[in-house]
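This report looks at how some helices are packed and at some residues in the loops. The sequence and the model are shown first.

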Amino acid sequence: LGILYIIFFWFPLFWLISLIDAIVFFSMDRESFDRKYNKADFTNLRQQPDFERSHRTDFERRETQQRTAQRPVAERPNQYKQSGLEKFRDFDYAGAIGDFKKSLEIAPQDIATHFNIACAYSLIEDAKMAYFHLDKAVVHGFRDFQKIKQHHALAYLRIQQEFDDFEENGFRLAQKPRTTTAVENLLASQPDLLDQLKKLGALREKGLLTEQEFADQKKRLMGS
């Protein structure tokens, strides 16, 4: 075919055929070229491992493994949080509280769960537990205080006498002073007056009671 091109190159038809062959030739991929023009070499190549392809495949496999290893581990799903909300919407407040408790075992610092369980406790008129979980919600970052003052589920809490103190304290439960707790434990466990006075003196020496607190508690014990 090449000889014919040389002999009849002055004919325009052969120019067109040559151009088409050239386009086909240059657009042919390596495998097709070897199959058509290097049949012997192509047979040998097919019998040898394709190093480039296998190397590329190994590289892609390693990259995939690295991406998988770097992917963050999915958190354990907290199905109790959702089921608690569903029971709450169905007015099953006791069931909602049970699920919210299980949810807090999985995520003890979950703000929304603490707030929701506080609402459920308020609706069954358990003010102590409602205040407890609102306090926990605030400790862990809850800052939508307007919601506490307006949410319909917390209406029972807002009519309690202690709500004003709770609000003034930043929607936190008042923490009992350590000295008061120590004195209350002492008075409850030591009925003998002399022993109680000795214990009060020991608390003062340890710095748990100031002089004024010691004097006040002493007067209380003496009944004056």
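How far should the 14 residues of helix α7 (residues 93-106) span at 1.5 Å a residue, and how far apart are its end C-alpha atoms? The model is predicted, and in it the expected span of α7 is 20 Å, which agrees with the end C-alpha atoms being 20 Å apart. The buried residues of this helix are Tyr93, Gly95, Ala96, Ile97, Asp99, Phe100, Ser103 and Leu104, and they pack against α6 (79-89), α8 and α9.

Two of these partners also pack against each other: helix α8 (residues 111-123) and helix α9 (residues 127-139) do so at an angle of about 165°, with their axes 8 Å apart. Because angles over 145 degrees count as roughly antiparallel, α8 is roughly antiparallel to α9, and the crossing of the two helices is left-handed. On the α8 side, the residues in contact are Ile111, His114, Phe115, Ile117, Ala118, Tyr121 and Ser122, which meet Met129, Ala130, His133, Leu134, Lys136 and Ala137 in α9. By class, this contact has 9 nonpolar, 3 polar and 1 charged residues.

Backbone geometry in the loops is set out next, for residues that have a positive phi although they are not glycines.

| Residue | Phi | Loop | Relative accessibility |
|---|---|---|---|
| Glu125 | about 65° | between α8 and α9 | 53% |
| Phe171 | about 60° | between α12 (163-168) and α13 (178-189) | 5% |

Glu125 counts as exposed because its relative accessibility is 53%, whereas Phe171, with a relative accessible area of 5%, is buried.

Note on methods: Residues are numbered from 1 along each chain as its sequence is written. This is a predicted model: local features need pLDDT of at least 70, side-chain atom pairs count only at pLDDT 80 or more; totals for chains, interfaces and linings use all residues. Side-chain values use heavy atoms; hydrogens and water are left out. Axes are lines fitted to C-alpha atoms, for helices over the stretch in contact, and angles run from 0 to 180 degrees between N-to-C directions. Helices (H or I, at least four residues) and strands (E, at least two) are DSSP runs, numbered from the N terminus. Angles under 35 degrees count as roughly parallel, over 145 as roughly antiparallel, 65 to 115 as roughly perpendicular and the rest as oblique. A crossing is left-handed if the near helix is turned anticlockwise from the far one by less than a right angle, and right-handed if clockwise. Contact means heavy atoms within 4.5 Å. Ala, Val, Leu, Ile, Met, Phe, Trp, Tyr, Cys and Pro count as nonpolar, Asp, Glu, Lys and Arg as charged, and the others, Gly among them, as polar. The expected span of a helix is 1.5 Å times one less than its number of residues. Buried means under 20% relative accessible area, exposed over 50%, partly exposed in between (1.4 Å probe, protein chains only).
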